[in-house]
Amino acid sequence: MRQVRENEREGMRSNLYYIRARQLVMIEDLILFKMIKEFERVVLTENLNGTPFVKGDVGTVVMIHNNGKGYEVEFFAADGSTLGVETVEGTQVISAKHVKKVLHIID
């Protein structure tokens, strides 16, 4: 019986370590998620009204406003030509740093 309790305690300890490690990873992800830098690729989280740019479009930050409250984002065509530069709020973009998806072109 004593061995069973010790095993239970050890299991609880390892679960606690896992939870703490997972929380640390989540906090680290949130910090990385928020820290967008100049010349970093970003993804739109919503359509930009009055522009041809829509949710999911990828651009490059060319200027940061008010410590990340806003950004100037340059959008490019597949051939590298500039399609436009738009001012967006910090909530309208996320970093593309951890996005592991194939980019594709839809006509």
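Let's start with F53. Leaving out anything up to four places away in sequence, F53 touches L44, N47, L48, F75, L83, G84 and E86. Keep in mind that this is a predicted model. Is F53 buried or exposed? The relative accessibility comes out at 5%, so F53 counts as buried, since the cut-off is under 20%.

Now pick F75 out of that contact list. A pair of aromatic rings is described by the distance of the centres and the angle of the planes. How many aromatic pairs does the count give here? Just one aromatic pair. That pair is F53 with F75, and it's stacked, with 4.2 Å centre to centre and 20° between the planes. Why call it stacked? Because planes under 30 degrees apart count that way. The two partners come from distant parts of the chain, 22 residues apart: F53 sits in the loop between β1 (41–44) and β2 (58–65), while F75 is in strand β3, residues 70–76. F75 is at 2% relative accessibility, so that one counts as buried too.

Okay, zoom out to the core. Which residues make up the largest nonpolar core? There are eleven: I36, V42, L44, L48, F53, V61, Y71, V73, F75, V88 and V93. So both rings of our stacked pair belong to it. Two elements, β1 and β3, give two or more residues each, and the largest share, three residues, comes from β3.

Another core member to look at is I36. You'll find I36 in the loop between α1 (2–34) and β1. With 9% relative accessibility, I36 counts as buried. What does I36 touch? Again skipping residues up to four places away in sequence, the contacts are V42, V61, I64, Y71, V93, I94 and S95. Take Y71 from that list: Y71 is 35 residues from I36 along the chain, yet their C-alpha atoms are separated by 9.3 Å.

On to the sheet. In what order do the strands line up? We have five strands in an open sheet, ordered β4-β3-β2-β1-β5, with antiparallel pairing. β4 (82–89) and β5 (93–95) are the edge strands, each pairing on one side only. Going from one strand to the next, the twist averages 40°.

Let's visit both edges. On one, β1 and β5 run antiparallel and are joined by three bridges; there, V43 has I94 in β5 as its bridge partner. On the other, β3 and β4 pair over seven bridges, also in the antiparallel sense, and E72 stands opposite T87 in β4. β3 and β4 form a hairpin too, with five residues between them, and G80 in the turn has a positive phi of about 95°.

That brings me to backbone angles. Most residues other than glycine have a negative phi. So which residues are worth a look here? One is F39, with phi near 70°, a positive value in a residue other than glycine. F39 is in the loop between α1 and β1, which is also where I36 sits. Is F39 buried or exposed? Exposed, with a relative accessible area of 62%, whereas I36 is buried.

The other is N66, which isn't a glycine either but has a positive phi of about 50°. N66 is in the loop between β2 and β3. Its relative accessible area is 59%, so N66 counts as exposed, the cut-off being over 50%.

Key. Residues are numbered from 1 along each chain as its sequence is written. This is a predicted model: local features need pLDDT of at least 70, side-chain atom pairs count only at pLDDT 80 or more; totals for chains, interfaces and linings use all residues. Side-chain values use heavy atoms; hydrogens and water are left out. Rings of Phe, Tyr and Trp (its six-membered ring) pair if their centres lie within 6.5 Å; planes under 30 degrees apart count as stacked, over 60 as edge-to-face and the rest as tilted. Helices (H or I, at least four residues) and strands (E, at least two) are DSSP runs, numbered from the N terminus. Buried means under 20% relative accessible area, exposed over 50%, partly exposed in between (1.4 Å probe, protein chains only). Contact means heavy atoms within 4.5 Å. Two strands pair if DSSP finds at least two bridges between them. Axes are lines fitted to C-alpha atoms, for helices over the stretch in contact, and angles run from 0 to 180 degrees between N-to-C directions. A nonpolar core is a set of buried Ala, Val, Leu, Ile, Met, Phe, Trp, Tyr and Cys residues joined through side-chain atoms within 4.5 Å.
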